[in-house]
Amino acid sequence: MPALVLIGAQWGDEGKGKATDLLGGAVDFVVRYQGGNNAGHTVVIGTESYALHLIPSGVLRADCVPVIGNGVVVDPGVLLQEMDGLRARGIDVSQLLISANAHLIMPHHRALDKVTERYLGKARIGTTGRGIGPTYGDKIARTGIRVQDLLDPGIFRAKLELALREKNQILTKIYNRRALEVDKVVDEYSVYAQRLGPHIADTGLVLDRALRDGQVVLLEGSQGTLLDVDHGTYPFVTSSNPTAGGAAAGSGIGPTRITRVIGICKAYTTRVGSGPFPTELTDKVGDELRAAGGEFGVTTGRARRTGWFDAVIARYAVRVNGLTDLFLTKLDVLSGFDRVPVCVAYDVHGVRHDEMPMTQTEFHHARPIYEELPGWGEDISRASSFDDLPKAARDYVRTLEELAGAPVAAVGVGPGRNQTISIRDLV
């Protein structure tokens with residue numbers, strides 16, 4: 001069977017958790033393939049709301065195996081806290097698998113993340129301070145500590161001693177912070193090793209066997225296309241590859257296994273943290289969108305920046321990911337607006353750009369060129385089919401589909417598990 005990829009088509013926070021949960025009933029494995037606990041998914045089931053940070057949202061489906069892939073960076077303390085929280089609410093986490101090749105977030109990563117971000121001042125990137133970037137940095141520098149090292153105390157200590165030999169120099173001599181003690185870190189992580197040991201596996205092999213046995217694997221990215229370290233709005237990006245190309249590398253399965261790539265995008269646009277945002281609304285309308293959409297970060301609680309739908313970045317996401325389908329979320333948030341502007345192109349110093357500008361400087365100076373579409377006043381949260389939507393809402397969806405260059409397969413009309421209109425099957 002082929003594997004499916006589910007990714008954010010904007011700056012993250014598009015509602016991937018809702019989409020993953022929806023598809024979870026039809027797939028056998030859900031795999032997080034990059035990122036760390038700097039991301040979060042919210043899934044609403046009935047009156048219950050679940051905030052997930054590291055564990056794939058497939059965990060909420062009893063017959064779906066959640067997998068944390070090798071491309072993820074794992075804070076074991078945060079992971080165990082999340083597992084315990086789910087258990088307390090009656091969710092079975094016994095099937096969770098963690099790749100032995102995933103990298104561990106260590107105390108020195110968190111410490112360095114926080115002090116370096118403060119040091120940057122106004123030039124700060126807007127990280128969550130959870131150690132994600134420094135962990136990926138050590139991974140690329142080949143000095144990282146992996147999940148499998150928890151299983152070998154001798155190797156773990158040796159790698160930690162080597163890492164702290166350098167990191168403590170930086171913390172104490174450059175940033176005037178306390179040095180970290182090897183023994184304390186070893187004691188802390190030995191407890192994590194005991195609890196996480198049964199979940200550590202060769203997940204690439206597990207997924208390969210599943211695909212050979214005809215099972216369906218869903219690869220779930222965190223963050224979004226415009227936060228990709230290679231293809232996003234650098235340097236205001238994450239430290240990994242949320243785009244579809246990162247799915248194979250971060251899960252350990254070959255790219256030829258992937259036959260469908262589903263992009264999630266909101267009916268408008270949001271962004272968390274610093275960086276350019278051409279359609280950003282800093283007025284009362286932006287506040288209304290934020291309030292109506294509940295636009296506050298799942299992981300950080302930070303207020304998200306809000307703006308109108310940007311078809312330029314949607315086309316870009318379709319192109320760099322090879323999107324086969326779009327899943328449009330939060331259409332209900334736009335109910336009540338008389339007119340709904342859509343950004344169809346940018347003006348950069350008097351030159352029209354229908355595609356993403358090539359340079360950071362050009363994108364920084366991009367100004368949206370809008371086309372206005374009729375709004376609708378009806379409450380659409382109870383719509384169960386595409387025909388149930390008001391004509392203006394249907395026309396809005398079809399316009400976005402045409403501008404983006406990929407078909408819309410599903411539309412979210414509310415936060416609940418059942419508040420999704422299916423236009424065509426995703427599995």
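Begin the tour by selecting R304, which is buried, with a relative accessible area of 5%; keep in mind throughout that the structure on your screen is a predicted model. R304 sits in the loop between helix 9 (284-293) and strand 13 (305-307). Display its side chain together with that of D13, and you will find a polar contact between the two at 3.5 Å. The UniProt record, an unreviewed entry, carries the annotation "binding site" for V298, T299, T300, G301, R302, A303 and R304, and it is worth colouring these residues before you move on.

**A second arginine**

Select R271 next, which belongs to strand 12 (residues 269-271). Leaving aside residues up to four places away in sequence, R271 touches W11, L227, T233, F236, P276, F277, R304 and R305, and the residue where the tour began is therefore one of its contacts, as a buried residue (under 20% relative accessible area) that you have already selected. What lies nearest to R271 among side chains of opposite charge, and how far away is it? The nearest is E280, at 8.1 Å, and R271 has no salt bridge although it is buried. Its side chain does reach backbone oxygens, however: that of S274 at 3.2 Å and that of P276 at 2.6 Å.

**The open sheet**

Now switch to a cartoon view and look for an open sheet of ten strands, whose order is 9-7-5-2-10-1-11-15-19-20 and whose pairing is mixed. At its edges are strand 9 (200-201) and strand 20 (420-422), each of which pairs on one side only. Strands of a sheet pair through backbone hydrogen bonds, either parallel or antiparallel.

Start from the edge at strand 9 and walk inward. Strand 7 (residues 97-99) pairs with strand 9 in the parallel sense over two bridges, and if you select S99 you will see it standing opposite A201 in strand 9. Strand 7 also pairs with strand 5, again in the parallel sense and over two bridges; here the residue to pick is I68, whose bridge partner in strand 7 is I98.

Pause at strand 5 (residues 65-68) and show its side chains, since V65 and V67 point one way while P66 and I68 point the other way, and all of them are buried. On the next step, four bridges join strand 5 to strand 2 (residues 29-32), and these two strands run parallel; V30 is the residue that stands opposite P66.

**Strand 16 and its partners**

Select strand 16 (residues 339-348), in which eight of the ten residues are buried, so that the strand is largely enclosed by the rest of the structure. Which strands pair with strand 16 in the antiparallel sense, and over how many bridges? Strand 18 (residues 367-374) is joined to it by eight bridges, and strand 17 (residues 351-353) pairs with it over three bridges. For a closer look, choose A345, whose bridge partner in strand 18 is I369, and then V348, whose bridge partner in strand 17 is V351. Strands 16 and 17 form a hairpin with two residues between the strands, and in this hairpin H349 takes a positive phi near 55 degrees.

Strand 16 also has a parallel partner, strand 14 (residues 309-310), to which two bridges join it. Select F309 and you will find V342 of strand 16 opposite.

**Helix 10**

From strand 14, continue along the chain to helix 10 (residues 311-321), where nine of the eleven residues are buried, so the helix is largely enclosed by the rest of the structure. The buried residues are A311, V312, I313, A314, R315, Y316, A317, V318 and N321. At the start of the helix, zoom in on D310, where a side-chain oxygen reaches to within 2.9 Å of the backbone nitrogen of V312. At the other end, the residue that follows the helix is G322, whose phi is positive, near 65 degrees.

**A last stop in a loop**

Finish by selecting G405, which lies in the loop between helix 12 (391-404) and strand 19 (408-412). Is G405 buried or exposed? With a relative accessibility of 55%, G405 counts as exposed. Then add V185 to the selection and draw a line between the two C-alpha atoms: G405 and V185 are 220 residues apart in sequence and 50 Å apart in space.

Technical notes. Residues are numbered from 1 along each chain as its sequence is written. This is a predicted model: local features need pLDDT of at least 70, side-chain atom pairs count only at pLDDT 80 or more; totals for chains, interfaces and linings use all residues. Side-chain values use heavy atoms; hydrogens and water are left out. Buried means under 20% relative accessible area, exposed over 50%, partly exposed in between (1.4 Å probe, protein chains only). Lys and Arg count as positive and Asp and Glu as negative; His and the chain ends are not counted. A salt bridge is a side-chain nitrogen of Lys or Arg within 4 Å of a carboxyl oxygen of Asp or Glu. A polar contact is a pair of N or O atoms within 3.5 Å; within protein, one must be able to donate a hydrogen and the other to accept it, and residues adjacent in sequence count only if both atoms are side-chain atoms. Contact means heavy atoms within 4.5 Å. UniProt positions are given in the numbering used here, feature names are shortened, and annotations may be inferred rather than shown by experiment. Two strands pair if DSSP finds at least two bridges between them.
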